[in-house]
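Visitor: I am new to this structure, and I would like to go through it by asking about a few residues and their partners. Could you show it to me before we begin?

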Amino acid sequence: MAQGKPFEIISDIGSGINYKRKGLQELIKGMTNRRISKVVVLYKDRLTRFGFELMEYIAELYDCEVEIVDTTERTEQEELIEDLVQILTIFCCKLQGKCANKAKKRIKELIENDENHKSNALSES
């Protein structure tokens, strides 16, 4: 209980740009069902990297308060640099994932071709 009120911790591991995170979706459902009346996050960008104002607006529509614990001010330049790093990180991860998937498919094809070649060679003997 926080200040005598029951609370629930909803956590996520993932990018602040990914809006399909289970925790974020659970949070939005809780707000829209009016089950959640207050959201407390350490940093503003932990909720969403972009579109925080939209999350605040959704919360406000459902009488939900959003509290940011660390309100340290950052310059526009610092925020922009952090946003760019986040975007680059996500695209790099996506590219690595695509490359890994292509490599796995190619290896599977090679193995299947090799097995087909061996079975054809045996049937010809």
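Visitor: Which residue forms a salt bridge with Arg74?

Guide: In this predicted model, Arg74 is partly exposed, with a relative accessible area of 32%. The partner is likewise described as partly exposed, at a relative accessible area of 29%. The closest N and O atoms of the pair are 2.2 Å apart, within the 4 Å that a salt bridge requires, and the residue that meets Arg74 in this way is Glu82.

Visitor: How many salt bridges are there by this rule?

Guide: The rule asks for a side-chain nitrogen of Lys or Arg within 4 Å of a carboxyl oxygen of Asp or Glu. Among the pairs that satisfy it are Arg74 with Glu82 and Glu67 with Lys38. By this rule the count comes to 3.

Visitor: How many residues apart in sequence are the parts that Arg34 and Asp63 tie together?

Guide: Arg34 and Asp63 form a salt bridge whose closest N and O atoms are 3.2 Å apart. Because Arg34 lies in the loop between helix 1 (22-32) and strand 1 (38-41), while Asp63 lies in the loop between helix 3 (52-61) and strand 2 (65-68), the pair ties together parts of the chain whose separation in sequence, in residues, is 29.

Visitor: Which residue forms a salt bridge with Glu67?

Guide: Glu67 is partly exposed, with a relative accessible area of 30%, and its partner is partly exposed too, with a relative accessible area of 38%. The closest N and O atoms of this pair are 2.8 Å apart. The pair links distant parts of the chain, with Glu67 in strand 2 and the partner in strand 1, 29 residues apart, and that partner is Lys38.

Visitor: Is Val41 buried or exposed?

Guide: Val41 lies in strand 1, and, leaving aside its neighbours within four places in sequence, Val41 is in contact with Leu47, Glu67, Ile68 and Val69. The relative accessible area of Val41 is 11%, and a value under 20% is the cut-off used here, so Val41 counts as buried.

Visitor: What charge does the surface patch that includes Glu76 carry?

Guide: Glu76 has its place in helix 4 (residues 76-124), and this residue is exposed, with a relative accessible area of 74%. Glu76 gathers on the surface with Glu73, Glu78 and Glu79. Because Glu counts as negative, the charge of this patch is negative.

Key: Residues are numbered from 1 along each chain as its sequence is written. This is a predicted model: local features need pLDDT of at least 70, side-chain atom pairs count only at pLDDT 80 or more; totals for chains, interfaces and linings use all residues. Side-chain values use heavy atoms; hydrogens and water are left out. Patches are made of residues with over 30% relative accessible area and no salt bridge: like charges are joined within 9 Å, nonpolar side chains (Val, Leu, Ile, Met, Phe, Trp, Tyr) within 5 Å. Accessible areas come from the Shrake-Rupley method with a 1.4 Å probe; for residues, only the protein chains shown count as cover. The place of a charge is taken as NZ of Lys, CZ of Arg, CG of Asp or CD of Glu. Helices (H or I, at least four residues) and strands (E, at least two) are DSSP runs, numbered from the N terminus. Buried means under 20% relative accessible area, exposed over 50%, partly exposed in between (1.4 Å probe, protein chains only). Contact means heavy atoms within 4.5 Å.
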